[in-house]
Amino acid sequence: MNQITNEYQKAQELASSEGGRVAADGCQHCHDGNWIHLRYEYPDEQAVTDATYVVQKPNGGEPGGEVITEGVLTVTELSRHKYIHVDLGDYDGEVEVFFFDDPTEPVPFEEPAPVEDERTWLERAAESVASGMASGAQWSWQTLQGDFNEDMSTGQIITNAIVTAVPVVDQVADLRDLIANGKLLIWEKRYTELGVWVGVFACLIGLVPSLGSLAKGVIKIIWKNASEMGRVLVYINKALHRTGMRVNGYRFVTKLADDVVDQVGFVAQKFDEFLDLTAQKVSLLKNLSPDIVNDALATIEELCRIGPQKINAAAHAIRERILRAIGDYATKAFAVLPGQSIIVQRAIRAFGKLGPYKSWQRAMGREGFDAAPLEQGAKQINENIEVRLANIRKAAPRWYNELLEDKKLPGTLREAMKQDPERFIKVLETFGSKPTYRNFDPGEKLYRVVNDEKGYEGQFWSPAKPPETEAEWRARDAVLNEWNNGGGYIIAEVPPPPAAFVGDIAPQNLAQIDGKEGYYLEGGGTQIWLPRDYPKPTIKSDQIDEYWYTDWNASVDAVRASRKAGTISECDL
Amino acid sequence: MTSETQQIIALFLHADQMIVDYVAKLDQVQNHINARIENGVPLPNGIKIALHHDKENDISWLRKAVDDLDGDKQVIKGHLHQLRKTLGKADSDRSILQAELLVLDWSTNADRSMETVINQNYQNSDLLPSPPHYWAPIAQEWRQLFKYETNSQDDIAQRTSVLKYLQNVRNPWAGYRAT
């Protein structure tokens, strides 16, 4: 933030601390309910402008949860506010926020086109397909591709689609697309090409009243370039402000992925109508030889037969493309509590070498790590979690006895249990349910996030490399800041030992840390407990194959998030 | 007040004192390590077996161990502080459940926190017992006393009795209410 902004913020906070109504745009009563403050920025702390944010109910750090609200970030370096204010309505629990990155083109605007009825529109397309055959015009893909390849920006396509209202069946581009694809199918017999059917599908789904040409616009943009997803969402949401229409970009697009499949029957029916009309027009052509007419009619008949199946395939391909675009171009979802503000720093892929190294690297020690802030990935605890924790502890001695009674239990595990029962019961308390056991295959790899070079002496290991973010790792593996700073991980080859206990990880209460009572780490990952080889460590140093930096401890990091208590003077209210 | 309630209060008091004593043991361990670093005094066997393997002559590692033990003492004292605060402010049977968990979980927290200093394999040491073994008497008594399924009628009655004692008879942790 620049100096002016800092001075402004200080003045706001001073006014606030003096108990008077906050000066200028700080709004005290607007902060009575449930809200959060959001900021999204580049690694140099400049604000990302025009990105779309989505706030959802907790979904394990992944987009795809139940959406509470969404919108466009409007903070720029010239803004007097640092954050935008997001009202959560009645929802008073933890939320997660994620972003779609940042288009920069200006918002175009075009006047709505006049509307004509659907039957006439289909008939015009059929007429054009038939007449094109009759004239013997040299159609080619370049001249027929319609607005799948025209020079309209994403902003123009989306804004026009919304502003023109739904359904829009009269636009020249829509008509041209259907004509183009109809000719490719009937005249060039290119009905094995998925792209042609996607084109047909996109044109005809524009006829669905609840989806309209916005659906078509989204499909054609995403089909051409999935990386446009962020831009699509921003323009949908921006166009809403112009029209007052109650459509939300992320929710519309997410639902569209399902709608395209649901509308297969409708689209197939419209395609059938289009083919009927085309067949009628072709039959009436006087200047074509009977052979050409019969060939065209036979092709149309074949298209009638295969149409539903091809349209279904196109719908599923579109669905996959949309879901992939949503998944690939959204950030991770970051947890934040009502009343907090959060800054998410934009993703920059790590170019530093994460590994593998043959030995421990000093920077893996993550010097300067501060354990005091709330654990990333922590959630608010409730009584049900505490009850579950207590019952796990009460069940652990019973699991101990049951495991010992199991005649198939490998001898090395039985020996470890009997050698140190009290410690083993404490181990069992870290499992969310009674663990199972298994023998290792030769050459099997185990993973462990470690603090230091002696981290290989620990008993708890994982079957997979750690996740990409610290929040995911701490939540999944229930690891407190004070236990492990998570700077690196190691990969060991087993056996030995020949066998281990395996099970899900129990939740971890944070009640023992002042200021963190009321939070917990969810657990749920898989842990592998190795039996002791007292007095030596179970895994010997020569079993360590590789040392790696964790993704979040890379020299150039991926997405970072920081949270603090929100103040009323920092937002755009 | 039932004798069971008395036993639970006694267990909590015992746990409180044992945590205090463990912090004193860690002070002693730091003194021994400092003597090794500054004056070359060999580490006692009870400390050697507790530390990570083959580190008793690695002076830079021992310096870091002393620093890490400072942090570990803060974690352990913090755990005690939370237990005392929870009991001092107990106002519902859920508070007692939270105290139960804090008591039983102390050894795991201590063990995991000290992972950079102590090895995870040793069993007994006269100078620095491993947290699970040190805590065994507490854990075993805990399991005998808190034998009911959590949130069952018996369990709630048990916790309610403890709560009433703390609220109406005597609360040894009342001084920690405001902390």
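A crossing of two helices is called left-handed if the near helix is turned anticlockwise from the far one by less than a right angle, and right-handed if it is turned clockwise. Keep that in mind for the first two views of this predicted model.

**Figure 1. Helices α4(B) and α6(B) cross in a left-handed manner.** Welcome to chain B. This view shows helix α4, residues 93-113, against helix α6, residues 136-145. The two helices pack at an angle of about 145 degrees, and their axes are 10 Å apart. On the α4(B) side, look for V103(B), L104(B) and S107(B). They meet I138(B), A139(B) and W142(B) of α6(B). Sorted by class, this contact holds five nonpolar residues and one polar residue, with no charged residues.

**Figure 2. Helices α12(A) and α14(A) make a right-handed crossing.** Now turn to chain A, where helix α12 covers residues 383-405 and helix α14 covers residues 421-428. Here the packing angle is about 115 degrees and the axes lie 8 Å apart. From α12(A) come A396(A), P397(A), W399(A) and Y400(A), while α14(A) brings P421(A), F424(A), I425(A) and L428(A). The contact of α12(A) with α14(A) has eight nonpolar residues, and neither polar nor charged ones.

**Figure 3. Four strands of chain A form an open, antiparallel sheet.** Follow the strands across the sheet in the order β9-β13-β16-β11. The two edges are β9(A), at residues 436-439, and β11(A), at residues 460-461, each of which pairs on one side only. Strands of a sheet pair through backbone hydrogen bonds, either parallel or antiparallel. Strand β13(A), residues 499-504, runs antiparallel to β16(A) and is joined to it by four bridges. One pair to pick out is G503(A), whose bridge partner in β16(A) is Q527(A). At the β11(A) edge, two bridges link that strand to β16(A), residues 526-529, again in antiparallel fashion. There, W461(A) stands opposite I528(A) of β16(A).

**Figure 4. Helix α10(A) has the length expected from its residue count.** This helix takes in residues 264-283 of chain A. Its 20 residues, at 1.5 Å a residue, should span 28 Å, and the C-alpha atoms at its ends are indeed 28 Å apart, so the two values agree. Several of its residues are buried: V267(A), A268(A), K270(A), F271(A), F274(A), L275(A), T278(A), A279(A) and V282(A). A useful reminder when looking along such an element is that an α-helix has 3.6 residues a turn, so residues three or four places apart point the same way.

**Figure 5. L43(B) is a buried residue in a loop.** The loop in question lies between α1 (3-39) and α2 (45-48) of chain B. L43(B) counts as buried because 20 other C-beta atoms lie within 10 Å, and the cut-off for a buried residue is 20 or more. Leaving out residues up to four places away in sequence, L43(B) touches H32(B), I33(B), R36(B), K48(B) and E56(B). Look for E56(B) in particular: 13 residues separate it from L43(B) in sequence, and the two C-alpha atoms are 7.1 Å apart in space.

**Figure 6. Chain B meets chain A.** In this view, 36 residues of chain B are in contact with 32 residues of chain A. On the chain B side, α3 (59-88), α4, α5 (131-134) and α6 each supply at least two residues. Helix α4(B) gives the most, with 13 residues. The residues of this side of chain B divide into ten nonpolar, 19 polar and seven charged.

**Figure 7. The two chains have their own make-up of helices and strands.** Stepping back, chain A contains 15 helices and 18 strands, whereas chain B has seven helices and zero strands. From the N terminus on, chain B therefore reads α-α-α-α-α-α-α, where helices are runs of at least four residues. In chain A, 47% of the 573 residues are buried; in chain B, buried residues make up 40% of the 179. Within chain A, 81% of the contacts between residues at least 6 apart in sequence join residues at least 24 apart. For chain B, residues 24 or more positions apart account for 77% of the contacts with a separation of 6 or more.

How values were computed:
Residues numbered from 1 in each chain as written. Chains lettered and ligands numbered in written order. Predicted model: local features only at pLDDT ≥ 70, side-chain atom pairs only at ≥ 80, totals over all residues. Pairing = 2+ DSSP bridges. Axes fitted to C-alpha atoms, helices over the stretch in contact; angles between N-to-C directions. Contact = placed C-beta atoms within 7 Å. Nonpolar A, V, L, I, M, F, W, Y, C, P; charged D, E, K, R; others polar. Expected span 1.5 Å × (residues − 1). Buried ≥ 20, exposed ≤ 12 C-beta atoms within 10 Å, placed from the backbone.
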